[in-house]
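Let's take a walk through this structure together, with an eye on the spaces inside it. Have the sequence and the 3D view open side by side as you read.

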Amino acid sequence: MRSKYDVIVVGARCAGSTTAMLLARRGYRVLAVDRATFPSDALSTHMINAPGVAALRRFGLLDAVIAAGTPAIDKFTFNFALTDGPVSLSGRPLPSDGIRTGYAPRRTLLDKILVDAAASAGVQIREGCTFDELIVEDDVVVGIRGHDRDGVTVEERARLVIGADGRSSRVAKLVEAEEYHTRPRLQYQYFTYWSGLPTDGFEIYSLPSRCWAAIPTNDDLTLVVVCWPNAERLAFRADIEGNYRATLELWPEFARRVDHATRVEPFSGAACANYFRKPYGPGWALVGDAAYSRDPITAQGISDAFEGAELLTTAVHSHLNDNLPYEVAMADYQRIRDQRRLPLYEHTTQLARLEAPSPELEQLLLAARTDQAAMDGFVSVGAGTISPTEYFGPGNVTELLERVGR
Ligand SMILES: Cc1cc2nc3c(=O)[nH]c(=O)nc-3n(C[C@H](O)[C@H](O)[C@H](O)COP(=O)(O)OP(=O)(O)OC[C@H]3O[C@@H](n4cnc5c(N)ncnc54)[C@H](O)[C@@H]3O)c2cc1C
């Protein structure tokens with residue numbers, strides 16, 4: 001019997017709704033299930049860098065994010081405490097697909113826009129539906145079993161089941177997806193929201209073993225996220241508010257601004273494991289954090305989820321529509337993802353160690369602060385629009401040092 005669906009997607013936030021939407025727009029019959037209902041928040045900060053913003057524009061969804069009053073972020077300032085004193089680098093990222101602006105929409109807003117866009121594309125969305133197990137026949141995944149909020153069993157079949165169920169992906173666990181390039185959790189962060197704390201765009205403060213960022217978001221609020229090494233998370237947790245405020249005191253000018261602001265939400269905290277997973281097998285695929293997770297310090301997760309959704313949609317379409325063998329199409333998906341993501345992944349996991357800059361990096365930062373092109377290049381690495389291997393490569397560094405006469 002022909003399945004009712006071509007594809008079932010488990011999880012309906014950044015990766016799941018987007019993948020479901022893109023597949024439905026190509027004419028596939030798609031079911032997306034999520035145990036959450038929408039709108040609802042996710043345990044995540046939500047800075048979207050230029051590549052993710054460009055993806056939202058490609059999806060036709062950027063206008064909705066802007067219309068909801070999400071402030072544009074056009075300036076990025078990195079503040080460092082170097083051996084000889086503080087240094088600040090301010091710039092604007094080089095474009096990704098013509099976009100240089102970042103946005104930090106609340107997840108209640110962003111995820112609802114994505115779910116609604118999937119539904120408008122024809123995806124059947126089942127909210128409040130928990131996925132429990134895979135249906136496997138002859139070693140091939142052919143469907144899912146789960147339950148709704150009343151405990152009623154849900155069973156559906158499809159040609160492909162996609163796990164977009166986040167960092168604790170049950171789909172990945174059940175298929176025993178192989179992990180590689182793994183790194184432990186490196187930093188632990190607590191964040192909350194402040195009113196009366198205007199910022200000059202995106203501000204980041206980086207000191208040995210401590211780091212924080214201030215990011216403007218909806219409703220005139222500012223998200224401030226404070227990072228400590230994961231090894232110190234229990235000490236952080238022992239007095240979250242006290243430790244959070246004491247950290248901000250390390251940059252008194254910033255702490256004085258917070259003195260005049262009001263905290264409007266409780267603290268939330270989390271750390272992320274770092275891994276790539278093999279993102280496909282017989283009858284199943286993974287996308288978003290289920291497939292690949294990196295420390296949030298460079299704010300790449302949402303952009304990566306969008307990119308993964310586009311790559312996976314291309315692979316699925318190549319197989320289902322163009323008859324490319326499944327293994328070939330999905331191996332392309334994995335290969336392209338790994339090639340594109342690995343350099344920034346390595347850079348991200350290095351930054352997340354919260355170590356003091358090396359003497360070479362100090363020299364580079366001191367040189368870059370006098371040169372706008374160098375500062376734009378530096379902030380572009382964090383935004384994901386220049387590869388760290390290109391920016392920090394010997395050719396670029398030598399050229400920069402010569403240009404500024406160091
Ligand atoms: C503290 C923190 C800060 C971060 N900051 C940023 C940032 O500033 N910028 C950025 O780009 N990224 C950030 N990230 C990363 C970002 O949150 C993720 O990369 C992104 O949410 C991944 O989207 P996803 O759709 O793969 O997973 P998720 O957003 O986790 O969505 C997974 C969905 O699957 C559903 N689900 C899970 N299990 C089941 C089940 N059994 N049955 C049914 N449904 C299920 C969940 O309900 C959820 O809705 C941060 C992450 C953390 C933890």
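**Spaces and the ligand**

The largest cavity has a volume of about 100 Å³. Keep in mind that this is a predicted model. When the whole structure is searched, one cavity of 30 Å³ or more turns up. To find it on screen, head for Gly-288, Tyr-292, Asp-304, Gly-308 and Arg-337, which are the closest to its centre among the 15 residues that line it. Two helices, α9 and α10 (326-351), each give two or more residues to this lining. The largest share, six residues, comes from α9. What is the make-up of the cavity lining by class? The lining residues divide into six nonpolar, three polar and six charged.

Now turn from the cavity to the largest pocket, where about 1,200 Å³ of space lies. This pocket is lined by 50 residues, and the closest to its centre are Leu-43, Arg-107, Gly-166, Arg-167 and Asp-289. Several elements give two or more residues each to the pocket lining: the helices α1 and α9, together with the strands β2 (30-34), β8, β12 (187-195), β13 (202-207), β14 (210-216) and β15 (221-229). You have already met α9, as it also supplies residues to the cavity lining. By class, the pocket lining has 28 nonpolar, twelve polar and ten charged residues.

What takes up the space of the largest pocket? The answer is the ligand. Around the ligand stand 31 residues, and Asp-34, Ser-44, Thr-45, Asp-289 and Ile-302 are the closest of them. Asp-289 is thus a useful landmark, being listed here and also beside the centre of the pocket. Three elements, α1 (14-25), β8 (130-137) and α9 (301-320), each supply at least two residues of the shell around the ligand. That shell is made up of 13 nonpolar, ten polar and eight charged residues.

Next, zoom in on individual atoms. The side chain of Asp-34 places an N or O atom 2.7 Å from an oxygen atom of the ligand. The backbone takes part as well: an N or O atom of the Phe-131 backbone is 2.8 Å from a nitrogen atom of the ligand, and a backbone N or O atom of Cys-14 is 3.3 Å from a ligand oxygen atom. How much of the ligand does the protein bury? On its own, the ligand exposes 1,000 Å², and the protein buries 93% of that.

Before you leave, two spots in the backbone deserve a look. One is the peptide bond between Phe-38 and Pro-39, which is cis, with omega about 5°. Pro-39 sits in the loop between β2 and α2 (50-59), and β2 is one of the strands that contribute to the pocket lining. The other spot is Asp-139, a residue other than glycine whose phi is positive, near 65°. You will find Asp-139 in the loop between β8 and β9 (140-147). Follow the chain back to β8 and you return to the ligand, as β8 supplies at least two residues of the shell around it.

Notes. Residues numbered from 1 in each chain as written. Predicted model: local features only at pLDDT ≥ 70, side-chain atom pairs only at ≥ 80, totals over all residues. Heavy atoms only, no water. Near = heavy atom within 4 Å. Polar contact = N/O pair within 3.5 Å; in protein donor to acceptor, adjacent residues only side chain to side chain. Areas by Shrake-Rupley, 256 points an atom, 1.4 Å probe, with all protein chains shown as cover. 1 Å grid on protein atoms, 1.4 Å probe; cavity = no way out; pocket = protein on both sides within 12 Å on 5 of 7 lines; lining within 4 Å. Sits in = over half its atoms within 2 Å of the grid points. Helix = DSSP H or I, 4+ residues; strand = E, 2+ residues; numbered from the N terminus. Nonpolar A, V, L, I, M, F, W, Y, C, P; charged D, E, K, R; others polar. Points joined across faces, edges and corners; volume = space filled by probe spheres on them.
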